[in-house]
Amino acid sequence: MEALFIKIKISDRIYPMQVQPEDETFVRTASKILAERIRGYQKKLGIQDQQDLLAMVAFDCLVAYLRVQEAEATQTNELIQRIANWSNDIAKSGSAVSI
């Protein structure tokens with residue numbers, strides 16, 4: 001597919017972007033969420049400096065990303081343990097199973 005050329009506004013600046021059609025919705029949604037978070041920090045903390053606001057939002061996003069990574073790792077480890085337990089159970093009863 002041919003890339004789309006779109007413009008995204010981030011902190012009062014317009015950035016031209018080239019995105020794949022299947023990514024356009026994600027990019028536009030990310031732009032809206034970013035704008036909402038910036039406004040939230042402006043109201044909550046009274047910060048007006050755009051660089052400080054972007055730094056705070058970036059930091060929050062990274063913390064959220066790390067939380068998701070940890071949750072995924074925990075879930076993966078739990079699934080691996082379940083599979084290992086099932087494998088052990090099957091191996092213990094394997095001699096009695098006939099097909």
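Helices and strands are runs assigned by DSSP, where a helix has at least four residues and a strand at least two, and they are numbered from the N terminus. Keep that in mind as you work through this predicted model.

**Exercise 1. Work out how many helices and strands the chain has, and in which order they come.**

Step 1: Count the elements. You should find 2 helices and 2 strands.

Step 2: Walk along from the N terminus. The order is β-β-α-α.

Step 3: Put residue numbers on them. Strand E1 covers 4-10 and strand E2 covers 13-19. Helix H1 takes in residues 24-45, and helix H2 takes in residues 50-93.

**Exercise 2. Decide how the chain's radius of gyration compares with that of a compact globule of 99 residues.**

Step 1: Start with the reference value. A compact globule of 99 residues would come out near 13 Å.

Step 2: Now look at the chain itself, which has 23 Å. That is above the globule value.

Step 3: Check the spans. Along its principal axes, the C-alpha trace stretches about 70 × 40 × 15 Å.

Step 4: Add the burial and the contacts. Buried residues make up 11% of the 99 residues. Take the contacts between residues at least 6 apart in sequence: 12% of them join residues at least 24 apart.

Step 5: Try one pair yourself. Ile33 and Asn77 sit 44 residues apart along the chain, and their C-alpha atoms are separated by 31 Å.

**Exercise 3. Find which side chains form the salt bridge, and say where they lie.**

Step 1: Recall the idea. Side chains of opposite charge can pair when their charged atoms come close.

Step 2: Search the structure. It holds 1 salt bridge, and the partners are Glu24 and Arg28, at 2.9 Å from N to O.

Step 3: Place them. Both residues lie in helix H1, 4 residues apart, which is about one turn of the helix.

Step 4: Sort them by exposure. Glu24 has a relative accessible area of 23%, so it's partly exposed. Arg28 is at 34%, so it's partly exposed too.

**Exercise 4. Ser11 and Asp12 sit in the loop between E1 and E2. Is each one buried or exposed?**

Step 1: Get the cut-offs straight. Buried means under 20% relative accessible area, and exposed means over 50%.

Step 2: Apply them. Ser11 has 15%, so it's buried. Asp12 has 60%, so it's exposed.

Step 3: See what Ser11 touches. Setting aside neighbours within four places in sequence, Ser11 is in contact with Ile38, Gln50 and Leu54. With Gln50 there's also a polar contact between the side chains, at 2.9 Å.

Step 4: Check the backbone angles. Most residues other than glycine have a negative phi. Ser11, though, has a positive phi near 50°, and Asp12 has a positive one of about 65°.

**Exercise 5. Name the residues that make the nonpolar surface patch, then sort Leu66 by exposure.**

Step 1: Pick out the members. Leu62, Tyr65 and Leu66 make a nonpolar patch of about 310 Å².

Step 2: Locate Leu66. You'll find it in helix H2.

Step 3: Sort it. Leu66 has a relative accessible area of 46%, so it counts as partly exposed.

Step 4: Do the same for a residue in helix H1. Ile33 lies there, and its 39% makes it partly exposed.

Step 5: Zoom out to the whole chain. About 8300 Å² is exposed, and carbon and sulfur atoms supply 57% of that area.

Technical notes. Residues numbered from 1 in each chain as written. Predicted model: local features only at pLDDT ≥ 70, side-chain atom pairs only at ≥ 80, totals over all residues. Heavy atoms only, no water. Patch = residues over 30% accessible without salt bridge, like charges linked within 9 Å, V, L, I, M, F, W, Y side chains within 5 Å. Areas by Shrake-Rupley, 256 points an atom, 1.4 Å probe, with all protein chains shown as cover. Salt bridge = Lys/Arg side-chain N within 4 Å of Asp/Glu carboxyl O. Buried < 20%, exposed > 50% of the residue type's maximum accessible area, 1.4 Å probe, protein only. Rg over C-alpha atoms; globule rule 2.2 N^0.38 Å. Contact = heavy atoms within 4.5 Å. Polar contact = N/O pair within 3.5 Å; in protein donor to acceptor, adjacent residues only side chain to side chain.
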